[in-house]
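Trainee: I should like to understand how labels are assigned to residues in a model. May we go through some of them together?

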Amino acid sequence: MKVFITGATGLVGSFVCRQLLENGHEIRAVKRSSSKMTLLEDTEQDIEWVVGDMNDTEFLEESLKDIEAVIHAAAIISFDKRWEKKMFKTNVLGTADLVNTCLKLGVKKFLHVSSVAAIGRKAGQIKLSEADRWEGTKFDSIYARSKYLQELEVWRGSQEGLEVKIVNPSVILGPGLWGQGGSTSVFKYAYDEKTFHPEGTVNYVDVRDVSNAVVKLMESDIEDERFILSAGTLSYKDFFGQIAKAFGKKPPQKVVKPWMLKIAVTAEFIRSRITGKEAMITKDTALLSTSKFHFQNDKVKQALNIDFRPFDESIEWSVNELKKKYLL
């Protein structure tokens, strides 16, 4: 099968590319001229690359010729309100353009990599599944809203003829770009021996399990379904503690108190405005760090007959790979 993939140079996209090649598929992948190829150095030559902008419909039409399936894994992740318009343009309008182009050219299979952020949640709820629909509560960040609206564009495509599958991964564990943000930042937080940890819980999944599920779903006859991809739930204390231990570092020992979060949000707001850099701690992230949600994975395990790697295995592998790649 000839597959077009967005977000190929990111953590998820790079592993999806490897899985596709292993399964004998051909890949055409989009990148920007500024994209770093660090995560695909060993397979870059096996992929047909096109350079362009996802909001350019002429570029999309040219790139999707003779394509049989699309895996859409590209998105901007931000919780800083200054990024909201840019995130909407890329995540939502870019997805709408991609869906429209697939419909125009007759591309049938469309797999969208979303996020558990787009799963509906409300106060007092602990267990969440694919059946929990968006409600627009205080737990929904600007990033979550962009992913929800992105999904709406994909579901619109299904009503107009696309064979749609959506996956909703939790925090993805794997050896991504060091010091470049994204989910790999959780490893750097532990490596830097930070003192504090949030009081909530975190849901996690191995990037290899994500790529395996994505490719299996793409190859399957399943359509018009969404699947949570999450291996389990841990307290932030245990989460960062085990990562720190794997690095041989001192784990965070102190819980972040509510009053500390308020001060941190204000301080980060001021810092980001002075430096012009993205705010990493916002009201949204502060609230989410105290939540204790558990995303259930029964549906995908039954549909694909798969299981997820245990946390210890994911951490040991990720840390070893990061150490080798970045000489840590």
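Mentor: Certainly; please note that this model is predicted. Let us begin with cysteine 17, which has a relative accessibility of 0% and counts as buried.

Trainee: What makes cysteine 17 count as buried?

Mentor: Buried means under 20% relative accessible area. Cysteine 17 has 0%, so the label applies. Cysteine 102 is also at 0% and is therefore buried.

Trainee: How do you know that the structure holds 0 disulfides?

Mentor: A disulfide requires two cysteine sulfur atoms within 2.5 Å. The sulfur closest to that of cysteine 17 belongs to cysteine 102 and is 16 Å away, which is too far for a bond. Cysteine 102 is likewise in no disulfide, as its nearest cysteine sulfur is that of cysteine 17.

Trainee: Why is phenylalanine 88 called partly exposed?

Mentor: Its relative accessibility is 37%. Partly exposed lies between the limits of 20% and 50%, so the term fits phenylalanine 88. This residue is found in helix H3, and it forms a nonpolar patch on the surface with Leu93, Leu149 and Leu152. Helices H3 and H4 each supply at least two residues of that patch.

Trainee: Asparagine 91 lies in helix H3 as well. Why is it called buried?

Mentor: Asparagine 91 has a relative accessible area of 0%, and the limit is under 20%, so it is buried.

Trainee: What makes the pairing of the side chains of asparagine 91 and serine 146 a polar contact?

Mentor: The distance is 3.1 Å, and the cut-off for such a pair of N or O atoms is 3.5 Å. The asparagine 91 side chain also has a polar atom 2.8 Å from the backbone nitrogen of isoleucine 76.

Key
Residues numbered from 1 in each chain as written. Predicted model: local features only at pLDDT ≥ 70, side-chain atom pairs only at ≥ 80, totals over all residues. Heavy atoms only, no water. Buried < 20%, exposed > 50% of the residue type's maximum accessible area, 1.4 Å probe, protein only. Patch = residues over 30% accessible without salt bridge, like charges linked within 9 Å, V, L, I, M, F, W, Y side chains within 5 Å. Areas by Shrake-Rupley, 256 points an atom, 1.4 Å probe, with all protein chains shown as cover. Salt bridge = Lys/Arg side-chain N within 4 Å of Asp/Glu carboxyl O. Helix = DSSP H or I, 4+ residues; strand = E, 2+ residues; numbered from the N terminus. Polar contact = N/O pair within 3.5 Å; in protein donor to acceptor, adjacent residues only side chain to side chain.
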